[in-house]
Amino acid sequence: MTAGQAGRDRLARYRSIADLREEARRRLPRAVFDFFDGGAEDERTLAANGDAFDALALRPRVLNNVERVDTGMTLFGRRSALPLAVAPIGGAGAGRRRADLDMARAAAAAGVPYTLSTMSSASIEEVARHAPGRLWFQAYVLRDRELVRRLIERAEGAGYEALMITVDLPAGGKRERDLRNGFAMQYRHSLRNTLDFLRHPGWLLPMALHGRPPLKNLEGMAPAASAGGPAASSVGRFSDPTFDWKQLAALRERWPRQFIVKGILHPDDAVKALALGCDAIVVSNHGGRQLDGAMASIRALPAVAAAVDRRVPVLLDSGIRRGSHIVKAIAAGATGVLAGRALLYGAVAGGERGAGHALAILADELARTMRLCGASGLEAIGADLLAL
Ligand SMILES: Cc1cc2nc3c(=O)[nH]c(=O)nc-3n(C[C@H](O)[C@H](O)[C@H](O)COP(=O)(O)O)c2cc1C
């Protein structure tokens, strides 16, 4: 048996995204798992994201010929094998050294776009070199505008198809798991943390050998930001609370390709984003990591979709763990979805193959749910499939 086959056989044990999450929990020190898994404050929004999907029931159609099911769609004039792109995940390298590249390569192999976070441990150029697929670059607007300008220029130079501006971070969410665990710019080396690291040699060994991966995009630019890795409140510390619509419009003016605004829940904000010429909107509450008490994204979606009225694609994230969630999102008005933690759990469980396995699970469940709903293509998924 080749190493590749052995890896695939091992991954076949994980039948769902929940299984991959459990494997990630097993492999990672608690502080790192909690950073990936957790949400802000009482984690009400994190929970609401899942609960709101559960509360939506499907009302399937029968006796349609569903021998062939096409999960593909056209986004920005190009074909995507699934109605899905990988969400930007900062700090993924804290879980596995090459996690960003692993997810980017898995996305390319699956024929879906990948979004690189500003806070990644692989640089804009490295990802462009090693991941041959469709690449989007996510930028936070940080206080250091010159830094942001240079990052965007680099993404343009490296041929990224889209620029995604995240707008739901005027301050960092209060992520209490991270605060309790001492998961900050530098780990607090408490006895509990140290013992926990020692209990996870598979994670500790590469970190001890190579050090904690730096935030590559910020290297040489913002010493304080790039040195110690990502943290609960660190991105918030650098984000710019003065960033407003006028400045968003200026970014739109400067970027020559697709321009995506991520983090919208209010239909009036979607209309404003449209007016300044954005090419897609991501309805998102940041996976419950920012404003605790914010409504579930899937609940915000119908009003945003109605306001956008198909003028640009509307993507939804926060809580995608099942193929049926993708069907529900499309039925509620989305063009497609972004998947965040689902891919991250996969990458932690098994690197590039693990991230690919997460995508394969979602793709299989999507096609299966479509068949069971009598929909042979995404255009057949309409609001009537939802029983409210
Ligand atoms: C560990 C982690 C890091 C994240 N980093 C970023 C980031 O750098 N930029 C950003 O726009 N969103 C970031 N997000 C939010 C995701 O892009 C996405 O909105 C969220 O994960 C979607 O929810 P889901 O994980 O339930 O799919 C991060 C999410 C997680 C879990």
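Trp203 is where I would like to begin: in this predicted model, its relative accessibility is 6%, so it counts as buried, the limit being under 20%. Phe197 comes out at 7% and therefore counts as buried as well.

Staying with aromatic side chains, the structure holds five aromatic pairs. One of them joins Phe76 and Trp136, whose ring centres are 5.8 Å apart and whose planes meet at 55°, which makes the pair tilted. Because Phe76 belongs to the loop between β2 and β3, while Trp136 is part of strand β6, this pair ties together parts of the chain that are 60 residues apart in sequence. Both Phe76 and Trp136 are buried. Returning to Phe197 and Trp203, these two also form a tilted pair, with 5.0 Å from centre to centre and 45° between the planes.

There is also an aromatic cluster, made up of Phe35, Phe36 and Phe183, and the ring of Phe35 has the charged end of Arg289 sitting over it, 5.1 Å from the ring centre. Elsewhere, Arg257 lies over the face of Trp255, at 5.6 Å from the centre of that ring.

Let me finish with the backbone. Most residues other than glycine have a negative phi. Which value, then, does phi take at His286? It is near 65°, and so positive in a residue that is not glycine. His286 lies in the loop between β9 and α15, and with a relative accessible area of 13% it is buried. Asp309 has a positive phi too, near 50°, and lies in the loop between α15 and β10, but Asp309 is exposed, with a relative accessible area of 55%.

Terms used: Residues are numbered from 1 along each chain as its sequence is written. This is a predicted model: local features need pLDDT of at least 70, side-chain atom pairs count only at pLDDT 80 or more; totals for chains, interfaces and linings use all residues. Side-chain values use heavy atoms; hydrogens and water are left out. Helices (H or I, at least four residues) and strands (E, at least two) are DSSP runs, numbered from the N terminus. Buried means under 20% relative accessible area, exposed over 50%, partly exposed in between (1.4 Å probe, protein chains only). Rings of Phe, Tyr and Trp (its six-membered ring) pair if their centres lie within 6.5 Å; planes under 30 degrees apart count as stacked, over 60 as edge-to-face and the rest as tilted. A charge sits over a ring if NZ of Lys or CZ of Arg is within 6 Å of the ring centre and within 35 degrees of the ring normal.
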